[in-house]
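Please open the structure in your viewer and keep the sequence panel in sight. The stops below each give a selection to make and a note on what to look for there.

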Amino acid sequence: MYHYWGKTAQGDAHHGDAYHLLKWHSLDVAACGYAMVQHNIFHAADCFAALGETDRERAGHFFAWLLLWHDIGKFSRLFQQQFSHPDLGTPARNVRLSGHHHTATGKWLWKNHLRLRVAGQVASNLTTKKTARVLDGWLAISLGHHGTPAASLECTNDFLPEDITAACAWADDIQRYFPSVTINAAWCEPDWQDRFQLVSWLLAGLAVMADWLGSNNHFFPHVASPLAFPDYWQRAREQAQQAITGIPQGGKVAPFITLQHLFPFINQPTPLQQQALDTDISTPGPQLFILEDVTGAGKTEAALVLAHRLMAEGRGDGIYIGLPTMATANAMYHRMHQTWTRLYQDTSRPSLMLAHSARSLSDTFTDSLWGDTPPGVNESGDEIALAQGCAAWFADSRKKALLADVGVGTLDQALMAVLPFRHQNLRLLGLNHKILIADEIHAYDAYTGRLLEALIEAHTAGGNSTILLSATLSQRQRQRFTAAFIRASASTPPAPGSVHHDYPWLTQVTTQRITGYPVATRPAVARRVGIDWVELEEDCLARIKQAVAQGQCVAWIRNAVDDAIRSYQQLRGSHPDENLLLFHSRFAFQDRLKIENQTLEWFGKTSHHQRSGKVLIATQVIEQSLDIDLDVLISDLAPVDLLIQRAGRLQRHVRAADGQVLTHGVDGRSAPTLIVLAPHWEDEPDADWLTATMRNTSMVYADRVALWLTQRVLRQQGEIRMPQSARLLIDAVYGFERDIPAGLAAAGDRAEGECYSARALAGNSEIALTVAYGADGRCEGWEDAHSTRLGEESEDIWLARMCNGKVMPYADGEHAWEMSYLRVRKGWWQKHAHEFQTLTGDVLESWRKARRVGAGQVILLADGSVGSGYSNTIGLTGKRDG
């Protein structure tokens with residue numbers, strides 16, 4: 001029930017009780033909007049300044065007037081009868097409901113009864129019809145306060161005649177209470193309209209924030225006695241001042257001093273970090289940086305140097321770092337937890353936020369909610385709560401996650417700002433005035449890559465800068481990201497000449513020029529990894545046994561979970577379980593974390609004697625997110641960029657022959673060699689070249705041409721040399737002109753078609769931010785069914801046990817249900833569902849309702865999981881395979 005139903009207003013009784021009850025909440029929200037502009041919360045005043053209104057009093061007054069209209073759809077008697085209240089004069093639900101949301105009824109009411117009435121009353125030197133058209137754009141912002149544009153629906157039957165009368169009375173009183181609101185003729189000019197398009201989306205986010213604040217009973221309690229409008233408006237403004245103090249006000253950016261001030265652990269900058277220090281960033285307007293360098297080159301620190309320099313010059317007041325997976329986001333959040341306060345002045349209260357769907361399972365994030373006061377803060381009581389590293393205000397909703405000063409999370413959380421998700425306007429608002437850093441951008445397919453281009457375009461159009469990081473980026477990808485920036489900045493800077501071996505490389509794009517900077521490589525991070533080919537799985541098993549016999553640690557990265565499980569089971573007979581580990585995505589979260597920790601203990605940087613003889617069978621889960629160091633590494637054939645990533649886990653740190661980490665000197669192990677399982681090489685392969693021997697790989701990596709080109713270029717080169725051959729290897733597989741053999745021509749055409757189809761699908765899903773918020777034809781299809789990733793649909797799974805007739809989670813401890821969760825391909829589930837005992841019928845629906853999930857399956861495990869199709873060492877297999 002909305003809190004304003006309990007407010008009383010005995011004056012104006014001739015308009016009906018519903019009218020009194022509605023207007024007080026509207027005044028609360030209007031007062032919050034006014035306060036946000038006055039204090040420039042989330043750059044509210046800057047949004048109006050971008051539209052030509054630099055006087056905060058006038059801007060705040062207009063925004064308050066606009067927000068007074070946000071709930072006009074609730075004048076509908078059908079809406080009011082959803083709730084029982086004696087002031088309404090009718091019992092609850094005695095009329096069949098139409099199902100129309102009050103934002104839709106509000107839009108209908110405005111269009112059919114209020115727009116010309118209001119247009120004729122406000123101060124304007126335009127005609128009534130022109131004034132009405134201008135107001136339509138503004139009202140869309142206010143009516144979209146539930147996170148989506150108001151739909152255009154026929155709502156005649158939602159209103160009784162007296163409802164329309166009360167709404168018109170409210171419209172007349174708004175003009176009486178706010179007589180100084182003026183419609184500026186300049187708002188009809190094309191230049192102003194162009195600026196209004198993007199700003200309208202930010203203002204829509206501010207309207208959402210104002211409604212959230214104004215709906216808080218703590219700051220806007222029920223009124224027990226009648227008040228005249230001037231008295232209540234004064235009261236609401238005072239309460240709004242208190243309400244905005246509950247929002248962390250952000251930190252004051254500190255001047256950039258040195259690299260070592262940000263990162264005390266760095267003694268000497270890497271070449272890339274030095275380039276980030278030296279690059280001229282004085283060109284006005286937004287900028288795009290693309291940093292390409294090998295693993296260990298300090299890309300993250302270089303990006304933060306650029307970001308802090310831009311912030312210190314007033315180009316932003318925060319950062320969002322987007323990564324491809326939750327695991328990489330968690331690791332980055334832990335790193336930023338040691339650094340973020342140095343971006344701001346000591347007396348500031350900056351907030352740090354982790355943004356992804358499983359962030360509550362991060363101990364570091366949970367600690368930041370209730371932990372100690374951050375450095376530079378010396379306060380007590382309620383003020384400490386505002387100064388927490390991750391203020392609880394941000395933590396109560398993922399929709400507000402991007403509003404923190406510094407955010408770390410999956411890139412998906414930022415990509416949702418350019419897709420028709422509910423409350424995407426809040427995400428866009430959160431990214432505004434921030435430096436966007438997207439790490440490991442090579443990890444995204446054609447669909448997500450196209451969405452990233454759209455995000456760069458939107459971010460640039462708002463005057464914000466972007467920094468992209470990658471170890472293996474093709475020139476085609478680089479050009480697409482550069483083109484996205486140029487489209488948004490409406491500039492045509494001359495491009496520098498392309499250099500074939502331009503790696504490592506820092507690209508800087510401004511509205512005036514595109515500049516490329518060659519970057520040197522530290523000898524310590526230069527890599528030279530040989531390639532050895534095998535054609536049979538039996539040969540891989542023999543290599544593993546040989547490595548174990550020599551006291552080495554070894555891993556085999558398989559492309560498919562089923563292949564990994566099979567290889568693990570083949571090794572169990574000859575290797576004791578305490579020396580053998582299986583790691584893939586079909587484990588419950590609790591078991592997956594345990595396996596990840598075991599992997600780091602065996603193969604992490606500080607490992608020593610415990611490494612000897614250890615074997616890991618894994619899938620792509622160890623490809624990027626884990627800092628592990630292997631003596632011997634086997635990999636199934638994969639696209640060249642992924643093989644480069646996997647090779648980065650081979651002899652990653654300098655060690656003695658017995659596995660001890662050395663701080664200096666030469667590695668005591670034999671030269672690193674990546675063993676690759678691949679089909680027999682054929683210069684002229686037929687269509688079955690891959691599927692005949694590696695069927696599961698062909699299902700995981702559909703672009704068979706990329707795999708054949710990878711095998712060809714690595715056979716030609718005989719090794720992976722980083723950084724010298726990085727560009728050659730990447731462009732040999734992903735370049736503009738691919739040399740495709742006749743037998744794979746059909747597969748190549750199919751892969752190219754799927755790529756263009758994925759990009760087109762992403763393009764069709766994107767929001768047209770060049771059209772004002774809520775413009776006609778831009779209101780349909782707003783739902784959370786869209787996706788930031790393209791792939792086979794997945795099925796959510798929770799593992800459970802029956803205890804005394806009650807469904808209990810498989811995992812123990814805090815967040816037990818979350819720790820019992822895993823996700824599988826829908827196709828796999830459809831094939832194996834009959835092999836499990838699951839909740840069904842009303843029991844399943846009751847469980848879903850209790851857990852507030854709309855879909856998903858609950859698998860019931862027997863005691864010890866034996867015979868249940870799940871094992872904490874093998875994962876989810878099904879009874880046939882268990």
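This is a predicted model. Begin by selecting Gln475, which has a relative accessible area of 10% and is therefore buried. Gln475 belongs to helix α20, residues 475–489. Show its side chain together with that of Asp731: the two make a polar contact of 3.3 Å.

**The whole protein**

Now zoom out and colour by secondary structure. The protein has 31 helices and 23 strands. Of its 882 residues, 56% are buried. Among contacts with a separation of 6 or more, 76% are between residues 24 or more positions apart.

**Strand β4 and its two partners**

Select residues 318–323, which form strand β4. How many of the residues of this strand are buried? The count is 6 of the 6, so β4 is largely enclosed by the rest of the structure. In a regular strand, side chains alternate between the two faces of the sheet. Turn on the side chains to see the two sets here: Gly318, Tyr320 and Gly322 point one way from β4, while Ile319, Ile321 and Leu323 point the other way. Residues of both sets are buried.

Next add residues 434–438, strand β7, which runs parallel to β4 and is joined to it by 5 bridges. Then add residues 406–410, strand β6; this strand also runs parallel to β4, with 5 bridges between them. Ile321 is a useful residue to label in this view. Its bridge partner in β7 is Ile437, and in β6 the partner of Ile321 is Val408.

**Strand β21**

Move to residues 857–860, strand β21. Both of its faces are covered. Gln857 and Ile859 lie on one side, Val858 and Leu860 on the other, and all are buried. Select residues 794–803 as well to bring in strand β18, which runs parallel to β21 and is joined to it by 4 bridges. Within this pair, Leu799 stands opposite Ile859 of β21.

**Arg558**

Select Arg558, in the loop between β12 (554–557) and α22 (561–572). Is this arginine buried or exposed? Its relative accessible area is 2%, so Arg558 counts as buried.

Which side chains make polar contacts with that of Arg558? One is the side chain of Glu537, at 3.1 Å. Another is the side chain of Ser567, with a polar contact of 3.0 Å. To see the wider surroundings, show the residues in contact with Arg558 beyond its neighbours within four places in sequence. They include Asp563, Ala564, Arg566, Ile617, Ala618, Thr619, Gln620, Asp636 and Leu677.

**His608**

Select His608, in the loop between α23 (589–603) and β14 (615–618). Its relative accessibility is 18%, and the cut-off for buried is under 20%, so His608 counts as buried. Now select Gly659, which is 51 residues away from His608 along the chain. The C-alpha atoms of the two are separated by 5.1 Å. Leaving out residues up to four places away in sequence, His608 touches Asp658, Gly659 and Gln660.

**The cavities**

The last stops are empty spaces. A search of the whole structure finds 2 cavities of 30 Å³ or more. The largest cavity holds about 90 Å³ of space. To find it, select its lining: Leu198, Leu202, Leu428, Leu431, Asn432, Leu455, Ala458, His459, Gly462 and Asn464. The elements that give two or more residues to this lining are α8 (190–214), α18 (424–431) and α19 (446–461). Helix α19 gives the most, with 3 residues. Colour the lining by class to see 6 nonpolar, 4 polar and no charged residues.

The second largest cavity has a volume of about 30 Å³. Its lining consists of Thr270, Pro271, Leu272, Asp293, Ala297, Ala520, Thr521, Arg522 and Val525. By class, the lining of the second largest cavity has 5 nonpolar, 2 polar and 2 charged residues.

Note on methods: Residues numbered from 1 in each chain as written. Predicted model: local features only at pLDDT ≥ 70, side-chain atom pairs only at ≥ 80, totals over all residues. Heavy atoms only, no water. Buried < 20%, exposed > 50% of the residue type's maximum accessible area, 1.4 Å probe, protein only. Polar contact = N/O pair within 3.5 Å; in protein donor to acceptor, adjacent residues only side chain to side chain. Contact = heavy atoms within 4.5 Å. 1 Å grid on protein atoms, 1.4 Å probe; cavity = no way out; pocket = protein on both sides within 12 Å on 5 of 7 lines; lining within 4 Å. Points joined across faces, edges and corners; volume = space filled by probe spheres on them. Nonpolar A, V, L, I, M, F, W, Y, C, P; charged D, E, K, R; others polar. Pairing = 2+ DSSP bridges.
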